[in-house]
Amino acid sequence: MNDNDRDNRGKLKENIEKPYYGYRVVKYFIAALIAGGIVSIALAIVFTTWSSILCGVLGVILLSFGVFWHLSMGWVNVPEKIELVKDKFSNQLENVWAGNGKVLDMGTGLGRVAIEIAKQFPEAQVVGVDTWTKGWKLFGMTKAGAERNARIENVSERCTFQTDSALDLPFEDGEFQLVVSSFAFHEINVSDRTVLFKEAIRLLAPGGVFVICDPFSGSFLKAYKAKNMPELLEKVQRMDVEDAKFVSFKEAGVNLGRLAHIWEMGYLSGRKV
Ligand SMILES: C[S@@+](CC[C@H](N)C(=O)[O-])C[C@H]1O[C@@H](n2cnc3c(N)ncnc32)[C@H](O)[C@@H]1O
């Protein structure tokens, strides 16, 4: 075998490798809840009196949670739904951003959005940041995983990843033309999440744009100390921002089906003055 053969084999392997952006562990979690529920209900039929009541109640609770999570979050493992969310994110950018310059993805995970932007916009230089803490590694979120995806998608040169917290990023003020985040803000542990918007806006150059995709239902809004979406938009607008707006998944044509709409997911965007 000569060096050329080795190269060709390497390339062949690279061609058949596929990127992975899903959340396998969610699937196992849902399956475990449903299986646990069914087993408990079966035991309730076999047992008598108190044991039967206990197993019955436990079974109904586990089964209800399993079905609820399946209907509201099951989409995170459906490749077509993930593609749809990625495509629509790029659509949100097309009208507001020229497509060149530095891009930051806060809480990048496996680089799903960072890599999509690098693919769609050939003049963009993208940096994905994440803490990739132990808990998230269980969900398959690792820096190596993000780098592997970028390599498979052939954007490694324009899409890099670094370990940093979105709460305090080691970049200069105004360094980026675009700041994005996808399903990460609600996961970041901080008493008032508006600091995440402040950090995103600090890093934007004047005229730069941010697009944050996340759930914004009532309980999520509380973490921004806002009662409703207009109040959050007003807060964001006061941070040297114009055109702050929220486009729900429904308005953007992202139909994840079943109960996913209860989280009121969508894109909150704006332009730094
Ligand atoms: C639900 S995942 C979203 C990942 C990715 N953006 C996506 O759309 O698939 C949430 C991510 O937020 C990251 N995260 C949590 N706290 C963070 C922090 N303080 N700074 C940066 N990332 C953080 C987690 O490590 C995880 O990768």
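Which helix and which strand each supply at least two residues of the shell around the ligand? In this predicted model, they are helix α5 (112–120) and strand β2 (123–130). The report below begins with the protein as a whole, then turns to the ligand, to helix α5 and its partner, to a second pair of helices, and finally to selected residues.

## The protein as a whole

The predicted model contains 11 helices and 7 strands. Along the principal axes, the C-alpha atoms of the protein fill a box of roughly 70 × 65 × 30 Å. The protein has 273 residues, of which 32% count as buried. Contacts can also be sorted by the separation of their partners along the chain. Among contacts between residues at least 6 apart in sequence, 72% join residues at least 24 apart.

## The surroundings of the ligand

The ligand is surrounded by 21 residues. The closest of them are G107, G109, W136, A166 and S182. By class, the shell around the ligand consists of 11 nonpolar, 7 polar and 3 charged residues. As stated at the outset, α5 and β2 each contribute at least two residues to this shell.

## Helix α5 and its cover

Why is α5 described as largely enclosed by the rest of the structure? The reason is that 7 of its 9 residues are buried. These buried residues are R112, V113, A114, I115, E116, I117 and A118. Their cover includes both helices and strands: among the elements that provide it are the helices α4 (79–94) and α7 (143–152), together with the strands β1 (100–106), β2, β3 (159–163) and β4 (176–182).

R112 offers a closer view of this helix. R112 belongs to α5 and counts as buried because 20 C-beta neighbours inside 10 Å are enough for that class, and R112 has 23. Leaving aside neighbours within four places in sequence, R112 is in contact with Y21, K86 and S182. One of these partners, S182, is also listed among the closest residues to the ligand. Another partner, K86, is 26 residues away from R112 along the chain, yet the C-alpha atoms of the two are separated by 7.4 Å.

## Two pairs of helices

Two packed helices are described by the angle between their axes and the distance between the axes. The table gives both values for two pairs in this model.

| Helix pair | Axes come within | Crossing angle | Handedness of crossing |
|---|---|---|---|
| α2 (residues 24–46) and α3 (residues 49–73) | 7 Å | roughly 155 degrees | left-handed |
| α4 and α5 | 10 Å | roughly 55 degrees | right-handed |

The axes of α2 and α3 cross at roughly 155 degrees. That angle makes α2 roughly antiparallel to α3. By class, the contact of α2 with α3 has 16 nonpolar and 8 polar residues, and no charged ones.

For α4 and α5, the axes cross at roughly 55 degrees. The two helices are therefore oblique to each other. Which residues of α4 meet residues of α5? They are K86, F89 and S90, and their counterparts in α5 are R112, V113, E116 and Q120. By class, this contact has 2 nonpolar, 2 polar and 3 charged residues.

## Two residues with a positive phi

Most residues other than glycine have a negative phi, and most peptide bonds are trans. Two residues of this model are therefore worth noting against that general pattern.

W132 is not a glycine, but has a positive phi of about 45 degrees. W132 is placed in the loop between β2 and α6 (134–137). Is W132 buried or exposed? W132 counts as buried, since 20 C-beta neighbours lie inside 10 Å.

E264 is likewise not a glycine, and its phi is positive, at about 50 degrees. The loop that holds E264 runs between α11 (249–252) and β7 (265–272). With 18 other C-beta atoms within 10 Å, E264 is partly exposed.

## A residue of helix α7

I152 is found in helix α7, one of the elements that cover the buried residues of α5. I152 is partly exposed, as 17 other C-beta atoms lie within 10 Å. How many residues separate I152 and V247 in sequence? They are 95 residues apart, and the distance between them in space is 31 Å from C-alpha to C-alpha.

Notes
Residues are numbered from 1 along each chain as its sequence is written. This is a predicted model: local features need pLDDT of at least 70, side-chain atom pairs count only at pLDDT 80 or more; totals for chains, interfaces and linings use all residues. Axes are lines fitted to C-alpha atoms, for helices over the stretch in contact, and angles run from 0 to 180 degrees between N-to-C directions. Helices (H or I, at least four residues) and strands (E, at least two) are DSSP runs, numbered from the N terminus. Angles under 35 degrees count as roughly parallel, over 145 as roughly antiparallel, 65 to 115 as roughly perpendicular and the rest as oblique. A crossing is left-handed if the near helix is turned anticlockwise from the far one by less than a right angle, and right-handed if clockwise. Ala, Val, Leu, Ile, Met, Phe, Trp, Tyr, Cys and Pro count as nonpolar, Asp, Glu, Lys and Arg as charged, and the others, Gly among them, as polar. A residue is near a molecule or strand if its C-beta atom, placed from the backbone, lies within 6 Å of it. A residue is buried if 20 or more other C-beta atoms lie within 10 Å of its own, exposed if 12 or fewer, and partly exposed in between; C-beta atoms are placed from the backbone. Two residues are in contact if their C-beta atoms, placed from the backbone, lie within 7 Å.
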